[in-house]
Amino acid sequence: MAKQIDPKNVVGRDDLITQIWRQLQKPPEQGSLRFTAERRIGKTTVMTKMAAEPMDGFDLLFLEVEGIESPDRFTGLLLNRAKPLLPGHEKAKSSFDDFWVAIGGTELGGIIKLPEKSKLGWQATLEKTIEGLCQHRPDNIVLLMFDELPYMLQKIAATTKADGDQHEALTILDTLRSLRQRHVNLRMIFASSVGLHHVLRGLKQTSLASEPVNNMPLIEIHPLEVEHALRLANHLLAAEQLTFTGDDQDLIPERLMLLADRVPFYMERIAGELGLLGRPISLQDVNSTVQRQLTSDRDPWEMDHFRDRIDIYYHGSVPDANGQSISKAQVARHALDHFAVTDEPQTIDQVWGVIRSQLPLADRQVIVQLLKSLGQDHYLTCDTEKRYSFRFPLIQQWWKMAQGLG
Ligand SMILES: Nc1ncnc2c1ncn2[C@@H]1O[C@H](COP(=O)(O)OP(=O)(O)O)[C@@H](O)[C@H]1O
Ligand SMILES: [Mg+2]
């Protein structure tokens, strides 16, 4: 995760956060949410701002679960973070005493450590912890925010596979869902850069049919609005103590924001690079700095991530017209190569025509499904006439150069 900024310096998310708080106060069955956005758009920043400035009536826990690889560690993290909100466990007698004894954890320096194999089992511990949170202050809403949950589920699925039990990741999701149904004052936010649909598909191949998140409305987090992005650009340039030169120097903040697609992360990086030049900067410096970062084989912005993950996201193959098979990843790369060099939004038929001229595909449906997946995975966006194009011009530009397409 990127280093987080002071919530007071977060630009342009006030309306979104107001809308989120409103949504969280809806009835329980609509009140839990999923945040989706390409990485670096600012999901974690929205959540840390909410955690730092919670709305009255909410008890809120923000949990970064990306690195967690077992259900016991997940429960342990939740328990420790929930501790200050649970009924006074230090007191000699409380209704919660039995629970603290039952989980068999030990407390050292204020941190509860669960035994290797928890006496109660992770599922019961999870249920009991959340029940404790919800019952302790029944008039408040308990909000649990899980950042990058799909990464955790993938890790758990990968490690438990070796033990012969593939379902633990899915059991976590199902348990969280039944807890949401049981407690009227419980809400959750799941945030993810990688689509939960990829993880669920992988799990369901061998597992029970479960729809653990279909009752959690999806909130798409977008790049900043122009007005806010411009404010951030001016702020970042001023923070680098940059001075400007050239006839068109007034355009510098706007150019910075446009080339970064109004994504704060890239805006910060560009401003940082400009700062290193150690001289007054021109509009041309902004262009050439971005160009240098995008073409460098050191890949300072880790753009190769967008190419590497194609094989992971689109694994498997489809039959071709000759009775052979073609990998889905290969079809996806061909499609993105086409979008990279095309400035006009493309209909499904246009893409089908182009791909069919390059690969011996027989089934148009493959392209229909692929475009849908590329849309869900934030590579593409589609307009109301169902025409697709790259979602982010910055990534389009990188893809075009990285693939040597001119
Ligand atoms: N609204 C914002 N205002 C200012 N800076 C932001 C904003 N959102 C994100 N950033 C900057 O971009 C970085 C990456 O954002 P982050 O929230 O970690 O993205 P994500 O969680 O979607 O990957 C942050 O560490 C912060 O420096
Ligand atoms: Mg994040």
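**Figure 1. Strand 1 and strand 6 pair in the parallel sense over four bridges.** The model shown here and in the other views is a predicted one. Within this pair, L33 stands opposite I189 in strand 6. Strand 1 covers residues 33–36 and also pairs with strand 7, again in the parallel sense, over three bridges. In that second pairing, R34 stands opposite L218 in strand 7.

**Figure 2. Strand 6 and its pairing with strand 5.** Strand 5 (residues 141–147) runs parallel to strand 6, and six bridges join the two. D147 faces a partner here, standing opposite A191 in strand 6. Is strand 6 buried or exposed on its two faces? Both faces are covered: L186, M188, F190 and S192 are buried on one side, and R187, I189 and A191 are buried on the other. Seven of the seven residues of strand 6 are buried, so the strand is largely enclosed by the rest of the structure. In a regular strand the side chains alternate between the two faces of the sheet.

**Figure 3. An open sheet of five strands, with parallel pairing.** The order of the strands is 2-5-6-1-7. Strand 2 (58–64) and strand 7 (218–220) are the edge strands, and each of them pairs on one side only. On average, neighbouring strands of this sheet are turned by 20 degrees against each other, direction ignored.

**Figure 4. The loop that leads into strand 6.** V184 is found in the loop between helix 7 (168–182) and strand 6 (186–192). This residue counts as partly exposed because it has 14 C-beta neighbours inside 10 Å, a number between the limits of 12 or fewer for exposed and 20 or more for buried. V184 and E29 are 155 residues apart along the chain, and their C-alpha atoms are separated by 8.8 Å.

**Figure 5. The surroundings of ligand 1.** Which residues are the closest to ligand 1? They are G42, K43, T44, T45 and P264, out of 22 residues that surround the ligand. Helix 2 (43–52) and helix 11 (264–276) each supply at least two residues of the shell around ligand 1. The shell takes at least three residues from domain 1 (7–220) and at least three from domain 2 (226–295). By residue type, the shell around ligand 1 divides into ten nonpolar, six polar and six charged residues.

**Figure 6. Helix 3, residues 71–82.** This helix has twelve residues. From its first C-alpha to its last, helix 3 reaches 16 Å, close to the 16 Å expected at 1.5 Å a residue. Which residues of helix 3 are buried? They are P71, F74, T75, G76, L78, L79 and A82. An α-helix has 3.6 residues a turn, so residues three or four places apart point the same way.

**Figure 7. Two loop residues with positive phi, Q241 and D261.** Most residues other than glycine have a negative phi. Q241 is a residue other than glycine, yet its phi is near 55 degrees, a positive value. The residue lies in the loop between helix 9 (226–239) and helix 10 (252–259). Q241 counts as exposed because it has 7 C-beta neighbours inside 10 Å. D261 is not a glycine either, and has a positive phi of about 55 degrees. Its position is in the loop between helix 10 and helix 11. D261 counts as buried because it has 20 C-beta neighbours inside 10 Å.

**Figure 8. W398 in helix 17 and its distant sequence partner D304.** W398 is found in helix 17 (residues 393–402). There are 22 other C-beta atoms within 10 Å of W398, so this residue is buried. W398 and D304 are 94 residues apart in sequence, and 9.1 Å apart in space from C-alpha to C-alpha.

**Figure 9. L16 in helix 1 and its distant sequence partner I221.** L16 lies in helix 1, which covers residues 14–24. L16 counts as partly exposed because it has 16 C-beta neighbours inside 10 Å. L16 and I221 are 205 residues apart in sequence, and 8.4 Å apart in space from C-alpha to C-alpha.

How values were computed. Residues are numbered from 1 along each chain as its sequence is written. Chains are lettered from A and ligands numbered from 1 in the order in which they are written. This is a predicted model: local features need pLDDT of at least 70, side-chain atom pairs count only at pLDDT 80 or more; totals for chains, interfaces and linings use all residues. A residue is near a molecule or strand if its C-beta atom, placed from the backbone, lies within 6 Å of it. Ala, Val, Leu, Ile, Met, Phe, Trp, Tyr, Cys and Pro count as nonpolar, Asp, Glu, Lys and Arg as charged, and the others, Gly among them, as polar. Domain bounds come from an automatic or database domain assignment. The expected span of a helix is 1.5 Å times one less than its number of residues. Two strands pair if DSSP finds at least two bridges between them. Axes are lines fitted to C-alpha atoms, for helices over the stretch in contact, and angles run from 0 to 180 degrees between N-to-C directions.
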